[in-house]
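Hi,

Here is the structure I promised to send over. Have a look at it first, and my notes follow underneath.

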Amino acid sequence: MILKIPEKLLSIAPYEPGKPIDEIEREYGIQKSVKLASNENPLGPSPLAVEAVKQSLSEMHRYPDGSWHRLRQKIAEKFKVDPETVIIGNGSDDIIALLCHGFLSTNDNAVMPFPSFLMYDISVRAAGATPVRVPLDNLAIDLDAVAEAVDSNTRMVFLTNPNNPTASHFSSNDFQRFIKKIPQDLLVVVDEAYIEFVRDPDTFNALDNPLSDPRIVSLRTFSKVYGLAGFRVGYGIMDKSVANILHRVRQPFNVNSLAQVAAAAAMDDVDFLNTSIRVMHQGVDFLRAELSAMGLTTHPTQTNFFLVDVAQDARQVFQALLRQGIIVRAMNAYGFDTCLRVNAGTESENRAFIQALKKVLAGGSPKE
Ligand SMILES: *Cc1c(COP(=O)(O)O)cnc(C)c1O
């Protein structure tokens, strides 16, 4: 082959998602495994969403609504914004990519915390621009260091609040101090995938006062608390001038019909949402208490997941847990060699994880 590979793509390592349950069960010969690895809603999808999707199956010979009319209207009403400021994507991953394609080119850079969500880095590189990584400070985003990393080539800043994988958050005051230092001509993309789980009332929330600053883009998703990760729906709320650029680069039918129906119905399922948040808070609190009782350090969290330090090679603990049918994430690739990332499951899933971990650590490497 003599295909020429574009220079800008040479440095990209493909994103490695958590493997699907089916694949892991086949690989390890296990069944009824418990997955606490992708921060999904353990209660499943909203029942109202499932019902709405079933009702709309007979219309699947039609193209989707390329303007997402009904879903966009609902989101706009919820946050009291003009529908034209709402962009819906095939997951918020899609919107991250659209922002990069719309606003970045060669010689531009985008500043982002690290470790954080890896899709920013990948999308920035795919657009031919350069990611500038700003290390976390004690697992939290260092907003002063992020502001200092901005230079004359910076067109975009990514912030993740709460952050993934560290579950840290920043306050409104911290953000207000940060944004004053940021030039007028660049975008500040605030990825708020877990904002619905936040318990600290001082946490910054970009949609408390939406569109008050035309530089700010808020990214949200139906993949986490709404339980619709498989449908791929995310949205962004942004200045109309920004939205207009994304319309130029997006696919005309970027969100499929079933996903639009499911997301709209899930927004009406307030009981399910509240129950989901409560179950995941209880799950996180239960897990952290149990792990502390086992003598392990867990890190504070404003989300449905957290980091636990298992005080030995996390990859090995991860493998041993897999053989017990428990799927979590080892954080070696993020530079936290002794940490696992675990999300809250149902009560029985949480108990199964604790039991398996006790077994693994008891039978594991000899104590020094
Ligand atoms: C899970 C997650 C998302 C959501 O991605 P989707 O494409 O909407 O599924 C976005 N950002 C962060 C930080 C996440 O952890």
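To start with the overall layout: the C-alpha centres of domain 1 and domain 2 are 26 Å apart. Where the two domains touch, 25 residues of domain 1 and 23 residues of domain 2 take part. In sequence terms, domain 1 covers 17-44 + 271-362, while domain 2 runs over 47-268. Keep in mind that this is a predicted model.

Now the inside. The largest nonpolar core is made up of 93 residues. Ile75, Leu99, Phe158, Phe222, Leu321, Leu340 and Phe353 have the most contacts inside that core. Helix H9 (residues 257-268) is its top contributor, giving 8 residues. Domain 1 and domain 2 both supply residues to this core, so it lies between them.

If you want one residue to zoom in on, try Leu99. Not counting neighbours within four places in sequence, Leu99 is in contact with Leu104, Met156, Leu187, Val189, Val217, Leu219, Val242 and Leu246. There is also another core, apart from the largest one, with 21 residues, including Val146, Val157, Leu159 and Val188.

And the outside? In soluble globular proteins, nonpolar side chains tend to be buried together. Against that background, take a look at the start of the chain. Ile5, Leu9 and Leu10 make a nonpolar patch on the surface, and together they have about 290 Å² of accessible area. Ile5 sits in the segment before helix H1 (21-28). Its relative accessible area is 57%, over the 50% cut-off, so Ile5 counts as exposed.

Cheers

Technical notes. Residues numbered from 1 in each chain as written. Predicted model: local features only at pLDDT ≥ 70, side-chain atom pairs only at ≥ 80, totals over all residues. Heavy atoms only, no water. Core = buried A, V, L, I, M, F, W, Y, C linked by side-chain atoms within 4.5 Å. Buried < 20%, exposed > 50% of the residue type's maximum accessible area, 1.4 Å probe, protein only. Helix = DSSP H or I, 4+ residues; strand = E, 2+ residues; numbered from the N terminus. Domains from an automatic or database assignment. Contact = heavy atoms within 4.5 Å. Patch = residues over 30% accessible without salt bridge, like charges linked within 9 Å, V, L, I, M, F, W, Y side chains within 5 Å. Areas by Shrake-Rupley, 256 points an atom, 1.4 Å probe, with all protein chains shown as cover. Salt bridge = Lys/Arg side-chain N within 4 Å of Asp/Glu carboxyl O.
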